[in-house]
Amino acid sequence: MGLFGWGKRSAARKEAALPKPVMIQHRTYDDPVLDAAVAEVSEGSLQAGLTVLAECREDPETRTLRAAVLGKTAIGHSDELTTIAEQAEDPDLWLLVGEARIQEAWAIRGSGSGASVGADRAKLFHSTLRRAVEPLHRSAKLLPKDAAPWVSLMPVARGLNVDREQHDDLWRKIIDRAPMLYPAHWQRLQYLAAKWGGSEEEMLAFAHGCVDKSPPGNPLVAMLPLAHFETYLPRFRKLLEERSPLKIATLQVRHFAKVAEDLAEAADRWQTGPQPHVRDHEAHNLFAAAFCMAMDKDRAKIHLDGMGDRLHGIPWAYLGADVLDEYHQRSAKYR
């Protein structure tokens, strides 16, 4: 009966009858202290933001997450923050200045491909990124063991197209301070991706290396589904341009199915005694979407449940234009 569309309509009616879960976007973490600080910084009170950064100086995972979120909250205020930082010489304040400028720069660039960024916008993007360098170096000088300013410099280096030698040096500085740092590996993988001048082969090798070195219970293994989404996206975009629905359907069925065994091994490594981690929700998003695409119902459900109500733009935005719609469409059959 499904061959004539009846089964599909029935499934559609069933899906429509189920209430869709309310998902929270842009806050793929569980840190109520950070949420409170964001609210205060949004109202113009800086002290709460500096306090939550200072209290996690010995915890690079939490510190890098909080710095990025607070930097995004401070978009448009980096010059004001710089004036205050010049007087205070505080490593947390200089870190926040650098992050705010990075976020301002990437907001200028937008999330499209490099080809979609006009010359004037690219020039402004690069000049704004360069203004993040000095504050981050000042933060690093004041707190030499802190990995956070070096991690913040990674998207700066990528955006400014620094050469491999400089990026490798930056990578070593981070690994010496925090060898398993999740956002550093995320940024390194992006740098190695073909869209930034790298290659699929090296990026995938790096992702497999992350799985190999990750201790059981650590979400760093999520670099593997991330890498496979980075290989999926250019193929998907190319077929969209060619207006080839049959090839798109084939890609969607086969791309993740053929690597499902590797993904399962990585996910099982993480789920063997998982330890609480600030990036758990992000990693669950990556594995959930990958297993939905691979049509692995049992593992998809595990990671959809692990996401809770937190929705991350990557990878769901790689599957279509509307992040929330893609999540609901892909996950409905596995809930």
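A contact is counted here when heavy atoms lie within 4.5 Å, and helices (H or I, at least four residues) and strands (E, at least two) are DSSP runs numbered from the N terminus. The structure is a predicted model, in which local features need pLDDT of at least 70 and side-chain atom pairs count only at pLDDT 80 or more, while totals for chains, interfaces and linings use all residues. Residues are numbered from 1 along each chain as its sequence is written, and side-chain values use heavy atoms, with hydrogens and water left out.

**Helix H16 and its surroundings**

The buried residues of H16 (buried meaning under 20% relative accessible area, exposed over 50%, partly exposed in between, with a 1.4 Å probe and protein chains only) are Ala300, His303, Leu304 and Met307. Viewed down the axis of H16, these residues fall within an arc of 105°, so they line one face of the helix; the arc is that of the directions from the helix axis to the C-beta atoms. The face turned away from the buried side of H16 carries the exposed residues Asp298 and Asp305. The cover over the buried residues of H16 includes helices H14 (260-271), H15 (280-294), H17 (313-316) and H18 (323-331), together with strand E2.

Gly308 follows H16 and has a positive phi, near 65°. Gly308 is placed in the loop between helix H16 (297-307) and strand E2 (310-311). In sequence, Gly308 and Met23 are 285 residues apart, yet their C-alpha atoms are 8.3 Å apart in space.

**Two residues compared by accessibility**

| Residue | Relative accessibility | Class |
|---|---|---|
| Ser152 | 5% | buried |
| Gly308 | 40% | partly exposed |

Ser152 belongs to helix H8 (residues 148-159). Leaving aside residues up to four places away in sequence, Ser152 touches Leu95, Glu99, Ile102 and Leu136.

**The chain as a whole**

The chain has 18 helices and 2 strands. Its radius of gyration is 21 Å, which agrees with the value near 20 Å for a compact globule of 335 residues; the radius is taken over C-alpha atoms, and the globule rule is 2.2 Å times the number of residues to the power 0.38. Along the principal axes, the C-alpha atoms fill a box of roughly 75 × 40 × 40 Å. Buried residues account for 49% of the 335 residues. Of the contacts between residues at least 6 apart in sequence, 67% join residues at least 24 apart.
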